[in-house]
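The exercises below ask you to read a protein model step by step. Keep the sequence and the structure in view, and try each task before turning to its solution.

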Amino acid sequence: MKALDGVRILDMTHVQSGPTCTQLLAWFGADVIKVERPGTGDATRGQLRDLPDVDSLYFTMLNHNKRSITLNTKHPTGQMIFTKLIEACDVLVENFAPGALDRMGFSWERIQTINPRMVYASIKGFGPGPYEECKVYENVAQCTGGGASTTGFDDGPPTVTGAQIGDSGTGVHLALGIVTALFQRERSGKGQRVVCAMQDAVLNLCRVKLRDQQRLKHGPLTEYPQYPDGTFGDATPRSGNASGGGQPGWIVKCRGWESDPNAYIYIITQAAAFNNLAQAIGRSDWVDDPEWNTPQARMPKLGQMFAEIERWTMTKSKFEVMETLNPLNVPCGPVLSMKELAKEPSLRATGTVVDVDHPTRGAYLTVGNPIKLSDSPAEVTRSPLLGEHTEEILETVLGMTPAETVAVRSDGAV
Ligand code: CAO
């Protein structure tokens, strides 16, 4: 048994943000029916292709464990089928441009009339306000949600991160909204509207930077690399690799950094383990030196402190540093490349990185469910081919006869 067994999702999502959400729900056991436009389907099937005429990795890695039905929801017969699907499902998820579902004729009011138990969940770029009609992609959200203005180095331009906090970050938020609404439905018997704006989700993930905006009024941000010699403006600046928490941290070079772009490690100089760290790097003199042996004394010279630490880390590989410092309770983490992560045995063992077989592309590597439930195992099954389950869904979910499915196909609705 899986946690969401019996929950049926009408998945109108495309690109990355929405599919991330419904993929998680599928891993938890929901029956996810992905509705795609006949002929083309989700645009990502054909984007960033590495192999000709084969669903892209972009698509396959975001649409595991789902079924695909092609359906023209602007065609009258397609709309009749879509109405029946709304009746048969528990959740409708979409991330079209604002108003797209209303333009198809399916407003929230109409959806509630068709199925009062329906949870209707959407991702949009912005919430209500001046930008609510805008179309939004990942990096637009990173810029408008506070990620870009606070990422990078002070003397460089705003920078977006590799982590897809706008798309996948919002998808994860929406998944929580959906299961929360389903939980409430258990008691109220009613569905509800769930909306998550990408700007809001990114800002939520940048919460500590809004914290720093308010701290700025009361003096410089002493853990930022600008302190004590640089200047602070009136907005939270970019903090380079400084830690966002109360314990100073930085990325330092390790042996081989000259040729290996990832020969680095992040080290946090947690106060409780500072003496251990000082001894490990050959600076036992810091332990009794009032210039160094309190967090307050170290604050104005974090640059000098990390330079000293780096002198030591540069003599070791990032894994040797990890092996030395972890037993001393010094939190640290090597900068791992995608190549290293793909080979990491512990991630394979837990199913976080898995091989999946696909009928037209062959085997490929993907990220499995990062959320582990002890009583709801999540095996990863391949993404569906375009319309692979059209007949199956029409017949088993909607109870149509084979003759009726032939008719709706020749009608051009599927
Ligand atoms: N049958 C018939 N029509 C369909 C259909 C189907 N099965 N599926 C989609 N369509 C139609 C939609 O109804 C819409 O038609 P109208 O413009 O006439 O209403 C049209 O296809 C295109 O939808 P769209 O405007 O959402 O697509 P786009 O490529 O222009 O924009 C995106 C893409 C992502 C910018 C936009 O959907 C958006 O802003 N979404 C919300 C924010 C979001 O999730 N962004 C993350 C994207 S991942 O980086």
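**Exercise 1.** Find out which side chain makes a polar contact with the side chain of S68, and decide whether S68 is buried or exposed.

*Solution.* Begin with the side chain of S68 in this predicted model, where a polar contact of 2.8 Å joins it to the side chain of E36. Next, follow the same side chain to the backbone nitrogen of G387, which it reaches at 2.8 Å. Then place the residue in its element: S68 belongs to strand β3, which runs over residues 66-70. The relative accessible area of S68 is 0%, and since buried means under 20%, S68 is buried. Finally, look at the surroundings of S68, leaving aside neighbours within four places in sequence: its contacts include K34, R45 and H389, together with P384, L385 and L386.

**Exercise 2.** Determine which residues S122 is in contact with, beyond its neighbours within four places in sequence.

*Solution.* First locate S122, which sits in strand β5. With 0% relative accessibility, S122 counts as buried. Its side chain makes a polar contact of 3.0 Å with the side chain of R193. Apart from neighbours within four places, S122 is in contact with E94, L174, R193, V194, V195 and C196.

**Exercise 3.** Describe the largest nonpolar core, and say which elements each supply at least two of its residues.

*Solution.* The largest nonpolar core has 35 residues, and I9, L25, V91, V93, L174 and I178 are those with the most contacts inside it. The elements that each supply at least two residues of this core are α1, β4, β5, α7, β6, α8 and β10. As a general background, nonpolar side chains in soluble globular proteins tend to be buried together. Now take V93 as an example: not counting residues up to four places away in sequence, V93 touches, among others, I9, L10, C21, A121, L174 and I178. There is also a second, separate core of 28 residues, which includes I33, F82, L85 and L398.

**Exercise 4.** Explain why α1 is largely enclosed by the rest of the structure.

*Solution.* Go through the helix residue by residue, and you will find that the buried ones include S17 and G18 as well as L24, L25, A26 and W27. Eleven of the eleven residues of α1 turn out to be buried, so the helix is largely enclosed by the rest of the structure. After α1 comes G29, whose phi is positive, near 110°.

**Exercise 5.** Work out how many residues surround the ligand, and what kinds of residue make up the shell around it.

*Solution.* The ligand is surrounded by 24 residues, of which K74, A97, K135, V136 and D167 are the closest. Sorting the residues of this shell gives ten nonpolar, seven polar and seven charged ones. Then consider single atoms: a ligand oxygen is 2.7 Å from an N or O atom in the side chain of K74, and an oxygen atom of the ligand is 3.0 Å from an N or O atom in the side chain of R37. On the backbone side, an N or O atom of V136 lies 2.7 Å from a nitrogen atom of the ligand. On its own the ligand has 950 Å² of accessible area, and the protein covers 84% of this.

**Exercise 6.** State how many helices and strands the protein has, and what share of its residues count as buried.

*Solution.* The secondary structure comes to 17 helices and eleven strands. Of the 414 residues of the protein, 45% count as buried. The protein exposes about 20,000 Å², and carbon and sulfur atoms supply 56% of that area.

How values were computed. Residues numbered from 1 in each chain as written. Predicted model: local features only at pLDDT ≥ 70, side-chain atom pairs only at ≥ 80, totals over all residues. Heavy atoms only, no water. Core = buried A, V, L, I, M, F, W, Y, C linked by side-chain atoms within 4.5 Å. Buried < 20%, exposed > 50% of the residue type's maximum accessible area, 1.4 Å probe, protein only. Helix = DSSP H or I, 4+ residues; strand = E, 2+ residues; numbered from the N terminus. Contact = heavy atoms within 4.5 Å. Near = heavy atom within 4 Å. Polar contact = N/O pair within 3.5 Å; in protein donor to acceptor, adjacent residues only side chain to side chain. Areas by Shrake-Rupley, 256 points an atom, 1.4 Å probe, with all protein chains shown as cover. Nonpolar A, V, L, I, M, F, W, Y, C, P; charged D, E, K, R; others polar.
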